[in-house]
Amino acid sequence: MRCTNEWPAGVVDGADTSKVPPQVLDPQGYDPVVAELVAEIKPRYHIAGTKGIFYAREPYVNDSSPHVTRFIGLANVGNKEKQKFIHAISPTPASTMSSADIHARPPNATLSPYAAPAKSVHVEDTPKRPAESTDLQYWRYDVKRQRQGQTDGSLLCFKYTSSGSCPRGSKCNFRHDEEAREHCQRNVCFDFLNKGKCERGPECRFAHSLTEEAAARDAKPRSERRRVESSCWFCLSSPDVESHLVISIGDGYYCALAKGPLVPDHVLVIPVEHFPTTIAMPVEPEAELRRYKDSLGKYFEKRGKAAVYFEWVSQQSRHANLQAVPVPLSKATNVKKIFHLAAQRLGFEFSVVNPDGDANQGRELLRSQYDGKSGLFYVELPDGTLLLHIIDSGEKFPAQFGREVLAGLLSMADRADWRNCKLSKEEEVKMVDDFKQGFREFDPAE
C-alpha cells in the first residue's frame, strides 16, 4: 500500500467517469511524478488526499504484475458534503495469498491508466524525467519543484549528501555537492540544505543554519540524541547494530534474530525509530506490527510451535524490542500457569488486560492505559491473552524475567542468560540464512 499527497495524473483514464463528482475531472491536484512512481512500483492500494474529494476508482490491471491496484481518493476531514474522509481496508499480505487470489481480476477491472498518456484529465505540460531514469528514492523530497521542471541538477542527491557516494554516479539526476556534504556532516538538516526550509520546524533534530557557530548552537540538544542513537544496538543507522542478524525490514518495524537466542527462531520485533517501548509508538505502525505477528505466527505454526511475546519497559529502556519466543504446541497451554507462578514467587500478581483473548484489542487497551512514566512488563500468551504487571518505582524487577520464565518452561535453565548462548558470527549468519529461507513465504515485507 502507498499513500501520496497528490493524485497521480491520468488515474481516471479508462475508468467510468459518468457518476464521479466534477472535482475529480478538475485538472488541479494531479501530479505526473506520482503517476510515474505508482506505474513503477505497482502498489496493491494507492491512497491520496490533496484534491479533498472521495473517489474509489475501479481496480486496474498492472503491466508485468499479477495483482490489480485499487486507487482511493479521500475527502477532507469534517467536509460539509459529508464525503468519506476515512476508509477501512484489510489487505492480506501477498506472501500468504494463493496464486489464484493474487491473479484474481474483479469484474469491473480496467486496464492500467498509465499505459498511455493521460486523456481524461489534462495536466499542464510538465517536463518529466524518462521512466528509466526515475530515481524513486529521492522523488519525495521535493515533488513540487520537480513538477515545475527543476530536475536539471538543482536538487541535492540525498544519498551523496548523507554518505559521500551515490551508486548512480554520473547518471544521477540530482546534484552531488561537496559543500552540502560538509554541512550535512556538521548536522545541518538535509531539507534545509535542499529547499532552504524545513517543514518539521522545532521538531527536527538537525540544525537549520550554515554557519558553524549557529549550527552547533541549534543542534546541541539534538546532537546529544544522535549520540545516543549512534551507540544504540537496535538503531539501523548505528555502527553498533548487528545488521547481519536482521531478517526483515518494514516501514515502521524490522525483525532480527536475537543475539544469544534462548531457542532457535527467537525473534526480536524492533521499531525502526528510536522509541523506548512499542506501546509509545505512533498508531500508524501498529498495523505493520500486527502483520509481522501474524506472519511469525504462521511460520511458527508450520513448525509445530506457538509464539509467546513479551516486553519489559523501564526508565532505563533505550530502544524497544518485543521478543517473540516459539514454544512447542504441547507446552503452549502451560505458559499462563508458569508466568503466574513466577509472579507469585516475586510477590506480585499479573492483571489480565483482555480476558476475551483478543490480542489486538489488548494492545489498544495497553496503549490507552500507559502513562509513559511507569515501568511495566507484559506478556502475550499463545491464546492472545495479555498479562500485565505495573512496576513500582522502588521495585527491583529482573531484566531477564520473561526469558528466565520461558527457560524454566522449556527445561533450559542454563540458557536463561543470553550471554551463555553466544554464537560466532559465522553461526549467526547461517542461523539467519536458514530462518530467511523458511520465513520468505510469510514475510510481509517481501
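Guide: Angles from 65 to 115 degrees between helix axes count as roughly perpendicular. The model discussed here is predicted.

Visitor: Why are H8 and H13 called roughly perpendicular to each other?

Guide: Helix H8 covers residues 286-302, and helix H13 covers residues 425-439. The two pack at an angle of about 100°, with their axes 10 Å apart. That angle falls in the range from 65 to 115 degrees, so H8 and H13 count as roughly perpendicular.

Visitor: Which residues of H8 and H13 meet?

Guide: On the H8 side they are Ser-295, Leu-296 and Tyr-299; on the H13 side they are Phe-435, Gly-438 and Phe-439. By class, the residues of this contact are 4 nonpolar, 2 polar and no charged.

Visitor: What makes Lys-293 buried?

Guide: Buried means under 20% relative accessible area. Lys-293 has 10% relative accessibility, so Lys-293 counts as buried. This lysine is found in helix H8. Leaving out residues up to four places away in sequence, Lys-293 touches Tyr-309, Arg-363 and Glu-380.

Visitor: Why is Glu-178 called partly exposed?

Guide: Buried ends at 20% and exposed begins over 50%, with partly exposed in between. The value for Glu-178 is 43%, and therefore Glu-178 counts as partly exposed. Glu-178 lies in helix H5, residues 178-185. Its C-alpha atom is separated by 8.6 Å from that of Tyr-160, and the two residues are 18 apart along the chain.

Visitor: How do you know that Cys-232 is in no disulfide?

Guide: A disulfide needs two cysteine sulfur atoms within 2.5 Å. By this rule the count comes to 0 disulfides. For Cys-232, the nearest cysteine sulfur belongs to Cys-235 and is 3.9 Å away, so the cut-off of 2.5 Å is not met.

Visitor: Are Cys-232 and Cys-3 buried or exposed, and what values decide that?

Guide: Cys-232 has a relative accessible area of 3%; this is under 20%, so Cys-232 is buried. Cys-3 has a relative accessible area of 54%; this is over 50%, so Cys-3 is exposed.

Visitor: What values describe the protein chain as a whole?

Guide: The secondary structure comes to 13 helices and 15 strands. Of the 446 residues, 46% count as buried. The chain exposes about 23,500 Å², and carbon and sulfur atoms supply 50% of that area. Among contacts between residues at least 6 apart in sequence, 61% join residues at least 24 apart.

Key:
Residues are numbered from 1 along each chain as its sequence is written. This is a predicted model: local features need pLDDT of at least 70, side-chain atom pairs count only at pLDDT 80 or more; totals for chains, interfaces and linings use all residues. Side-chain values use heavy atoms; hydrogens and water are left out. Buried means under 20% relative accessible area, exposed over 50%, partly exposed in between (1.4 Å probe, protein chains only). Helices (H or I, at least four residues) and strands (E, at least two) are DSSP runs, numbered from the N terminus. Contact means heavy atoms within 4.5 Å. Accessible areas come from the Shrake-Rupley method with a 1.4 Å probe; for residues, only the protein chains shown count as cover. Axes are lines fitted to C-alpha atoms, for helices over the stretch in contact, and angles run from 0 to 180 degrees between N-to-C directions. Ala, Val, Leu, Ile, Met, Phe, Trp, Tyr, Cys and Pro count as nonpolar, Asp, Glu, Lys and Arg as charged, and the others, Gly among them, as polar.
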